[in-house]
Amino acid sequence: EEDLKSNPPCQPRACAIQDCLVKNGYQEKKCEKLIDLLYECCQAFYAKNGDEATSASCPKANLLRLKIEQRKQGIR
């Protein structure tokens with residue numbers, strides 16, 4: 001909820017991913033939990049504001065849903 005109020009929404013989670021990637025030599029696998037948390041925030045953002053809403057920290061709603069589905073299927 002707090003991250004939805006940031007400007008832009010979900011930015012703290014996006015920044016956490018960047019920090020994680022830098023610390024881990026850009027190995028995305030080591031930051032997967034943070035990526036999931038960002039997607040969770042973005043999902044809540046779209047649920048609250050509709051699919052046409054925008055946040056620089058979130059992929060577009062249809063792409064977000066695709067990425068979430070791919071992650072559920074183990075496609076990273």
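These are my notebook entries on a predicted model of a three-helix protein.

**Ground rules**

I am working from a predicted model, where local features need pLDDT of at least 70 and side-chain atom pairs count only at pLDDT 80 or more, while totals for chains, interfaces and linings use all residues. Residues are numbered from 1 along each chain as its sequence is written, and side-chain values use heavy atoms, with hydrogens and water left out.

**Entry 1: the overall layout**

I started with the fold and found three helices and zero strands. Here helices (H or I, at least four residues) and strands (E, at least two) are DSSP runs, numbered from the N terminus. Along the sequence the pattern reads α-α-α. The radius of gyration is 12 Å, close to the 11 Å from the globule rule for 76 residues, so the protein is as compact as a globular protein of that length. For my own reference, that radius is taken over C-alpha atoms, and the rule is 2.2 Å times the number of residues to the power 0.38. Along the principal axes, the C-alpha atoms fill a box of roughly 35 × 30 × 15 Å.

Next I looked at the surface. The protein exposes about 5,200 Å², and carbon and sulfur atoms supply 50% of that; the areas come from the Shrake-Rupley method with a 1.4 Å probe, and for residues only the protein chains shown count as cover. Buried residues make up 36% of the 76. I use buried for under 20% relative accessible area, exposed for over 50%, and partly exposed for in between (1.4 Å probe, protein chains only).

I also checked contacts, meaning heavy atoms within 4.5 Å. Of those with a separation of 6 or more, 49% are between residues 24 or more positions apart.

**Entry 2: helix 1**

I checked the length of helix 1 (residues 11-23): at 1.5 Å a residue its 13 residues should span 18 Å, and the end C-alpha atoms are 18 Å apart, which agrees. The expected span is 1.5 Å times one less than the number of residues.

Which residues of helix 1 are buried? They are Ala14, Ile17, Cys20 and Leu21. Seen down the helix axis they fall within an arc of 120°, so they line one face; the arc is that of the directions from the axis to the C-beta atoms. On the other side of helix 1, Val22 and Lys23 are exposed. Helix 2 (32-49) is included in what covers the buried residues of helix 1.

I picked Ile17 for a closer look. Ile17 has 9% relative accessibility and so counts as buried. Leaving out residues up to four places away in sequence, Ile17 touches Leu34, Ile35 and Leu38. Just after helix 1, I noted that Gly25 takes a positive phi of about 60°.

**Entry 3: helix 2**

The same length check works for helix 2: its 18 residues should span 26 Å at 1.5 Å a residue, and the end C-alpha atoms are 25 Å apart, which agrees. I listed its buried residues as Glu32, Ile35, Leu38, Tyr39, Cys41, Cys42, Phe45 and Tyr46. What do the buried residues of helix 2 pack against? They pack against helix 1 and helix 3. Gly50 follows helix 2 with a positive phi, near 90°.

**Entry 4: salt bridges**

Side chains of opposite charge can pair when their charged atoms come close. I searched the whole structure and found four salt bridges, each a side-chain nitrogen of Lys or Arg within 4 Å of a carboxyl oxygen of Asp or Glu.

One of them joins Arg13 and Asp3 at 2.6 Å, N to O. Arg13 lies in helix 1 and Asp3 in the segment before helix 1, so the pair ties together parts ten residues apart in sequence. Arg13 is partly exposed at 21% relative accessibility, and Asp3 is buried at 16%.

Arg13 also forms a salt bridge with Glu40, with the closest N and O atoms 3.9 Å apart. Since Glu40 lies in helix 2 and Arg13 in helix 1, this pair ties together parts 27 residues apart in sequence. Glu40 is partly exposed, at 47%.

Another is Arg71 with Asp36, the closest N and O atoms being 2.6 Å apart. This pair links helix 3 (residues 61-72), which holds Arg71, to helix 2, which holds Asp36, 35 residues apart. Arg71 is buried at 10%, whereas Asp36 is partly exposed at 30%. Lastly, I noted that salt bridges sharing partners join Asp3, Arg13 and Glu40 into one network.
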